[in-house]
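Subject: Structure for your review

Hello,

Here is the structure I said I would pass on. My notes on it follow below.

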Amino acid sequence: MAQGLMRAALLLAALILLINAAVTPPLGYYRQALLPQFTQRAGSYENATCSTCSVYEPAESVVAPKANVWAQISPEDNLAVWNLLHDPASGLNLTDPNTAVINDNYVFYIDTVHMNKSEVLPYLDGSGAKPSFSARAIIFEGGKPEPVSQEYIVGPLPVSSETTIQKLDYPYNGETGGSIPFNGRFFDQKRVEASEPLLVSVMSYITDITSALLGGVFYGYTDAKSTLTATTTTPTSFDGNQAFQVIMFLLPGSAMYLRPLDFFVLLDTTGTDASLYKLKGIVTNTRFFSTVADLRAAFEAGELIEEVYQPSDYDWALVKYNPEMGTRELEEKFAPQSLEVGGKRYKVDSQQKYVEYLGWSFYVAHTRSLGVMLYDIRFKGERILYELSMQEAAAQYGGFQPKAATTLYHDTYYQLGAELFPLVEGFDCPFGSTFWNVTVHNGNTTTVNPNSICIFESDAGFPLSRHRAGYAPNEYGFSNLGVVKASILTLRSIATVGNYDYLFDYAFHVDGSLEITVRASGYLQSSFFYRDQGAWGPRIQEATQGSLHDHVLTWKADFDILGTENNLQVTELKVVNTTQPWWPELGEFEQIALETHNIEKEQQLSWADNGQLMYTVNHANATNKWGAPRGYRIVPGKSNIRLSTLNSPFSRHNTALSKAHLTVTRQHDTEPWGNSVQNLNMPWKPQQDFAKFLDDESVEGTDLVVWFNLGMHHFTRSEDVPVTLYSEAVSSIMFAPQNFFDQSQDGDLKNRRWYTVPETANSSNATALVSETYGVDLPQCKVELQEPTLARIG
């Protein structure tokens, strides 16, 4: 097969060489005359000594112009912060998390505090001092008279006599700053362990019922006698004054998400005294039973019947080859690949996580909560964005079952950034990609997740630009033809948060455009199938319904178009009635025209019907050669949605940033995050209410931030089994130059072809084709791919 591919490549190269040699056009039967030449070249190639393509050669190194001040705190600093927090002199009275219980004080996790922009810019753009790092520590203070979860800022780092521990209140606009009531805090393993005895006491008393209805029993999450498993949902409180668990049972195994059972237990888990926890009720057959006695009475009366049952095996739900589906002709051949055969055209500073690519430059940062973030994004030396970061990945479900009806997820709550794992070369990312590790601090240790970010350049799959200049009286039918190759540099990560695998792409186009794409794969959160519940999703397996839900992911785009003095311009395409003197017989007729204005105040915005609206971030004063404001347009791509439910009790105020297509606010150091990692369980009284960002401030000629949403309404389908497909579950947006330059940014690209057909003397016909390659030769090399391996996490 490899020799066949080489022959085909050589034939193409030979054809191009013949064209470049200004031969007579090989039309009609003349093509047959070239066959011996092609055959001769192919035969000689087989015996040639050929170099191996530069697929696996590392990218060239470059030294970042400044240190990466947005980087995660180092493992050494993490350990030093841990020790400082646990020093008795700190007064925090901390217990080791390994031995702590819910009414102890213990560290949940340590992360990095967002760097203040006002401190960074003087360093970045001038000779200002490098800002110092600080750590962010979330501590569960269950041992206090009023137990809370409290965030602290520890800095400056490295730890010294100047380092202090202070409450981290300023980023939050809730009434209690960085504090959350115990009932509203993260429902961690300690809280699960505290409530498990109550759950076991309920389930162990009704094993005859669960055996009959579900085909299994539950004696505890780790009890070997359990043949059922359980999962909970969020939120687990409304405002921190109460706490509850909605527990759904499933058949165990790696595909448990697709094997839900018709049985739910609701617990009241308010407070730190587990002896006061109590049963709220049990749900099965869409009936609510407030007591175990009521459930047993219905069961013994024969009122509880299951019409369908989950299959005992789950091989059908695994992402592996399924021979029962048959075979496809020629699919045994290896699929096409995107390879950097000419060598890498980007440079990296791996220590500072800095990248340069054909005019682009940017820094990469990572935190436990938010994942990958980009900073100081420039094109041809001019800053476009100060910050581009995913702020929240929300998902809200619907259904007539306790888990589906209740469920709202915030994946920052589940520390999305800690769920980046090794990528599969050649499948997750192209062969020869540049891979970077991700470090995750866990308590006083640090784990390295190797190869969890990849960087690669690829063919765009279309030309960047082209034109064939009209009809000409020659055998080619044109006078000139120009075509420019389009390529993209992509930075990719995949976060596996529970059942879902989110793929994040930041794609840098050679014309100065930047595209952000998110895709979703992985298992559905499904529900038990009821024939009368089709309004919440279709049947996708024997006893499984695909639960209808929204995915809404919010990004923060802190634009700095040539500086911080920016406007958000609205250009609306309107239909107007007009009269024109050269068409007197038409009278008044419809035309399209533009109406333009700048947004004056902070506000939420929507995409217009039929795409008749354009949002552009412009510099307040700078114009291009033609007098137009220099800016970048925000171009909607696939599935630019917002959250469907605007008044749900489960997402009332804690998910405000997901409820508009776009929002523009004034930049403040005190508003670094659009959401809080502890907002999820506080829907009525959140720690961070994004709606409060909109306080009527001016956004004209100032430093502004655009918050935008990507996502998808997940209309579930049987093709979501075994897992959802990246090809369909996708959303994207693009930032593209809008009069930022004086002309399109493709003229300086040499990866192009320019064909002309000169006129011959005394003849209207041209017989010679001239091709200009601009010195970019086609690589001639062997492709030797290596079978991918997965690195261990450590």
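**Surroundings of I494**

Beyond its neighbours within four places in sequence, I494 is in contact with E419, L420, F421, L423, D428, D501, Y502, L503 and Y726. Please keep in mind that this is a predicted model. I494 belongs to strand 20, which covers residues 480-497. Its relative accessibility is 8%, and because the limit for buried is under 20%, I494 counts as buried. P422 does not appear among the contacts listed above, but the C-alpha atoms of P422 and I494 are 8.8 Å apart, with the two positions 72 residues apart along the chain.

**Surroundings of Q688**

Q688 sits in a loop, the one that runs between strand 32 (662-666) and strand 33 (704-714). Is Q688 buried or exposed? With a relative accessibility of 0%, Q688 counts as buried. A polar atom of the Q688 side chain lies 2.8 Å from the backbone oxygen of W673. W673 is also one of the residues in contact with Q688 when neighbours within four places in sequence are left aside. The others are P171, Y172, N173, H653, G674, N675, S676, N679 and F693.

**Helix 6 and helix 7**

Two packed helices are described by the angle between their axes and the distance between the axes. For helix 6 (residues 207-214) and helix 7 (residues 292-300), the axes come within 11 Å and cross at roughly 50 degrees. The two helices are therefore oblique to each other. The crossing of helix 6 past helix 7 is left-handed. On the side of helix 6, the contact is made by D208, I209, A212 and L213; helix 7 contributes L295, R296 and F299.

**A three-stranded sheet**

There is also an open sheet of three strands, paired antiparallel in the order 23-25-24. Why do strand 23 and strand 24 each have one side without a neighbour in the sheet? Strand 23 (526-528) and strand 24 (539-541) stand at the edges and have a single partner strand each, so one side of each is left without a neighbour in the sheet. On average, neighbouring strands of this sheet are turned by 45 degrees against each other, direction ignored. Strand 24 pairs with strand 25 (residues 544-546) in the antiparallel sense, over two bridges. R539 stands opposite Q545 of strand 25.

Regards

How values were computed:
Residues are numbered from 1 along each chain as its sequence is written. This is a predicted model: local features need pLDDT of at least 70, side-chain atom pairs count only at pLDDT 80 or more; totals for chains, interfaces and linings use all residues. Side-chain values use heavy atoms; hydrogens and water are left out. Two strands pair if DSSP finds at least two bridges between them. Helices (H or I, at least four residues) and strands (E, at least two) are DSSP runs, numbered from the N terminus. Axes are lines fitted to C-alpha atoms, for helices over the stretch in contact, and angles run from 0 to 180 degrees between N-to-C directions. Buried means under 20% relative accessible area, exposed over 50%, partly exposed in between (1.4 Å probe, protein chains only). A polar contact is a pair of N or O atoms within 3.5 Å; within protein, one must be able to donate a hydrogen and the other to accept it, and residues adjacent in sequence count only if both atoms are side-chain atoms. Contact means heavy atoms within 4.5 Å. Angles under 35 degrees count as roughly parallel, over 145 as roughly antiparallel, 65 to 115 as roughly perpendicular and the rest as oblique. A crossing is left-handed if the near helix is turned anticlockwise from the far one by less than a right angle, and right-handed if clockwise.
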